[in-house]
Amino acid sequence: MEKKLIFVCQNVDCRVRQAAEVMEKLQQEAGPDERMEVRSYMCFGACHEGPNVVVYPDKVWYAGVKPEDVAEIIASLRGGQPPGHPSTLERLDTIDPGLKAMIFQLLDAGLY
Ligand code: FES
């Protein structure tokens with residue numbers, strides 16, 4: 001199974017919306033798990049919709065992530081049933097498809 005890379009934007013606009021706290025919580029919740037790795041990212045270009053978290057190679061983009069969303073995100077990445085409805089995936093999937101496609105192309109090209 002390919003390792004999931006969980007990219008967390010750490011640029012200014014995302015940071016003023018708690019991106020550092022989101023990243024720290026993701027690292028705590030993921031723990032030592034060879035199936036996933038949390039990494040910082042410079043900017044996804046959706047600065048006013050952050051904090052932005054992109055999971056690769058899944059090509060899932062969570063926008064407006066709050067620290068309290070993190071447990072649900074990690075649970076869904078582990079294949080568990082995410083608690084609560086609508087799911088985190090649906091609620092945090094707000095980014096324009098064109099921008100998502102562009103960022104996923106960059107990641108496919110290995111630009112991270
Ligand atoms: S500052 Fe986070 S997407 Fe640009």
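This report walks through the fold, the sheet, the core and the odd backbone spots of the model above.

The model is predicted, so local features need pLDDT of at least 70 and side-chain atom pairs count only at pLDDT 80 or more, while totals for chains, interfaces and linings use all residues. Residue numbers start from 1 along each chain as its sequence is written.

**Overall fold**

The protein has five helices and four strands; both are DSSP runs numbered from the N terminus, with helices being H or I of at least four residues and strands E of at least two. Read from the N terminus, the elements go β-α-α-β-β-β-α-α-α. The radius of gyration is 13 Å, close to the 13 Å from the globule rule for 112 residues, so the protein is as compact as a globular protein of that length. That radius is taken over C-alpha atoms, and the rule is 2.2 Å times the number of residues to the power 0.38. Along the principal axes, the C-alpha atoms fill a box of roughly 30 × 30 × 25 Å.

**The sheet**

The four strands make an open sheet in the order 2-1-3-4, with mixed pairing. Strand 2 and strand 4 sit at the edges with a single partner strand each, so one side of each has no neighbour in the sheet. The twist averages 20° from one strand to the next, using axes that are lines fitted to C-alpha atoms (for helices over the stretch in contact) and angles from 0 to 180 degrees between N-to-C directions. Two strands count as paired if DSSP finds at least two bridges between them. Here are the pairs:

| Strands | Sense | Bridges | A facing pair |
|---|---|---|---|
| Strand 1 and strand 2 | parallel | six bridges | L5 and E37 |
| Strand 1 and strand 3 | antiparallel | four bridges | I6 and V55 |
| Strand 3 and strand 4 | antiparallel | three bridges | V55 and V60 |

Strand 3 and strand 4 also form a hairpin, with three residues between them.

**The core**

Buried residues make up 31% of the 112 residues; buried means 20 or more other C-beta atoms within 10 Å of a residue's own, exposed means 12 or fewer, and partly exposed is in between, with C-beta atoms placed from the backbone. The largest nonpolar core has 27 residues, and V22, L26 and Y62 are among those with the most contacts inside it. Such a core is a set of buried Ala, Val, Leu, Ile, Met, Phe, Trp, Tyr and Cys residues joined through C-beta atoms within 7 Å. Beyond its neighbours within four places in sequence, L26 touches I6, V8, V38, V70 and I74, a contact being C-beta atoms, placed from the backbone, within 7 Å.

Helix 5 (residues 97-108) is another story: it is hardly covered, with one buried residue among its 12. Its end C-alpha atoms are 16 Å apart, which agrees with the 16 Å expected at 1.5 Å a residue; the expected span is 1.5 Å times one less than the number of residues.

**Backbone oddities**

Most residues other than glycine have a negative phi, and most peptide bonds are trans. Q18, not a glycine, has a positive phi of about 80°; Q18 lies in the loop between helix 1 and helix 2. K59, also not a glycine, has a positive phi of about 60° and counts as partly exposed, with 13 C-beta neighbours inside 10 Å. Two peptide bonds are cis: G50 to P51, with omega near 0°, and Y56 to P57, with omega near 10°. P51 lies in the loop between strand 2 and strand 3, whereas P57 lies in the loop between strand 3 and strand 4.

Note on methods
Two residues are in contact if their C-beta atoms, placed from the backbone, lie within 7 Å.
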